[in-house]
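Let's take a walk through a protein together, starting with its hidden empty spaces and moving on to its packing and its cysteines. Keep the picture at hand as you read.

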Amino acid sequence: MKNWYKNAIIYRLDVESFYDANGDGIGDFQGLKQKLHYLAGLGIDCIWILPFYPTPNRDNGYDVKDYFNIDPRLGNLGDFVDFVHQAKAFGIKVIIDLVVNHTSIEHPWFQESRKSPDSPYRDYYIWVKEPKSEKKERVVFNGIEHSVWEYDEMADAYYLHHFFKEQPDLNIDNPTVQAEILKIMGFWLELGISGFRIDAAHILTETIEQVHEDKDNLHHILNIFRDFQKGRNAEAVLIGEANVEYDKLKEYFGQKDRLHLLFNFMVNKNMFLSLARKDASPLYKTYKEICNIEPAEWVNFIRHHDELNLEYLTEEERNEVFETFAPQEEMRIFGHGIRRRFPPMVNGDRKRIEMFYSLLFSLQGIPMISYGEELGMGDNLALSGRTSVRTPMQWSNAKNGGFSKAETNKLVCPLVTEGAFSYHKINVLQQMSEPDSLMHWMENLIRVRKKCPEIGNGNWKTLTTNNAQVFACEAEWQDQKLLCLHNFGEAKAEVKIKTPYLKNAQLVNIFGDRVYKTEDSQEVFSIEGYGYRWIKVFQKA
């Protein structure tokens, strides 16, 4: 179905952390297949799977050493195909990570590249005899890596790496490398996937001035990817990770001939700034900027497997978010990020959790949730770096949270075992038996979102109000109109909506923080602190 993604609900997961079927302490594709009934019950349409390729695992699988196989800890290609087939039977599509900005240092391409300047693989990577010291490229893992150039003794040259030094950057401008990437895409499309999340698209398409001084950025690479994808599977989708300034975003969409969707980092960080300030103004300001970007389509999210990235906020704004949601230094990472899941940031406050996810599902584009968000899972700050938010899924209060039957010391990652977010208190089995659980609330939110196709298909815009605490938006499609209100403040708000269509309308509250009666025409709405309302608008005859 063309443009199926416009009303999709994406669920992000890491196979190794989801469910262990063979009892070795590591999640696997057989385990993921066994949990498809659970995901279908939630109502999600699409699974985005983190990298599952063979890897030395320096960077959670993003250091790939074989693009055409499965990490043997997770299963084999037969298990993968079986999983994809079963997912389709449940009506669930599968998207995988296309990690081609870099490889592992152990990839055969790199090992051949370093052997000789005459190697056919030498130009698969970016080598220089001596970096120009006056030009500083961006270091992604600031504080861990201090340069993007690493000297290799065998090659007697420096290679480029924006991430860890164990992840050398590919030379994307090399046509032979481009052909290799298309082979990778073609292989996985043939195995039944429905698209790719393109990792680090903002770095993939950057021109390295030390190497290509007179070249524009390499966004045309995305045209090559899109043309190939259309030829192999016209219904597949390309989603980009590009955390860049407003004026650079349009380049990733082109003229609808590059990426289908981008993750909406600007909205994400300004949602948190608005929540910290109890003021919707930062979010309004963001939409003023991105609503002018055509033909933009977005994936919205609250948290994912990396840090909450506050880059491109001002230092003052970033400090406001830090002070509210990550007051301790151990909660921060890379100087610009927060390594926490959302529920602990708000001390498990159900009102703020519900309001924030209701907002997420009402925004222009499509929503993505990460595994365990439907439960309100927490983090483990005792773990290093980003691992704090990558703890195993909490299925029950049994041993190892029902994730694995292995000995606890063999688990791929320790579970959250203490405090309000431990698996003893927060798990699937427990929430299934509680009608008012967050999981049942999230299931209802997903059902409501699917009944509102005007958000994904229609004209979406923000609305002016008289109250800075409240964010108001509307979506209209095929004579259907939806009004959504979200209160960022803890105080009750009276909100006047300045739009003419409310004067002759029947208003039906279809979702909210409490039961609101069906109302006749009105322009002033009452909304509780951290409250939310979804209102269908029907014009009277």
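The second largest cavity here has a volume of about 70 Å³. A cavity, on a 1 Å grid over the protein atoms alone, is a set of points where a 1.4 Å probe fits but cannot get out; grid points are joined across faces, edges and corners, and the volume is the space filled by probe spheres set on the points. By this rule there are four cavities of 30 Å³ or more. The second largest is lined by 13 residues (lining residues have an atom within 4 Å of a point), and those closest to its centre are Arg303, Arg341, Phe342, Ser370 and Glu373. Sorted by class, this lining holds five nonpolar, four polar and four charged residues. Here Ala, Val, Leu, Ile, Met, Phe, Trp, Tyr, Cys and Pro count as nonpolar, Asp, Glu, Lys and Arg as charged, and the others, Gly among them, as polar.

A word on what you are looking at: this is a predicted model, in which local features need pLDDT of at least 70, side-chain atom pairs count only at pLDDT 80 or more, and totals for chains, interfaces and linings use all residues. Residues are numbered from 1 along each chain as its sequence is written, and side-chain values use heavy atoms, with hydrogens and water left out.

Now find Phe421, in the loop between β14 (366-370) and α15 (428-432); helices (H or I, at least four residues) and strands (E, at least two) are DSSP runs, numbered from the N terminus. Is Phe421 buried or exposed? Phe421 is buried, because its relative accessible area is 17% (buried means under 20%, exposed over 50%, partly exposed in between, with a 1.4 Å probe and protein chains only). Leaving aside neighbours within four places in sequence, its contacts (heavy atoms within 4.5 Å) include Pro343, Pro344, Gln394 and Met377. Met377 is 44 residues away along the chain, yet the C-alpha atoms of Phe421 and Met377 are separated by 6.1 Å.

Finally, the cysteines. A disulfide is a covalent bond between the sulfur atoms of two cysteines. A search of the whole structure, counting cysteine sulfur pairs within 2.5 Å, finds zero disulfides. For Cys291, the nearest cysteine sulfur, that of Cys473, is 10 Å away. Cys291 counts as partly exposed, at 31% relative accessibility. Cys484 also has the sulfur of Cys473 as its nearest, 4.7 Å away, and Cys484 is buried, with a relative accessible area of 2%.

How values were computed. On a 1 Å grid over the protein atoms alone, a cavity is a set of points where a 1.4 Å probe fits but cannot get out, and a pocket is an open set with protein on both sides within 12 Å along at least five of seven lines; lining residues have an atom within 4 Å of a point.
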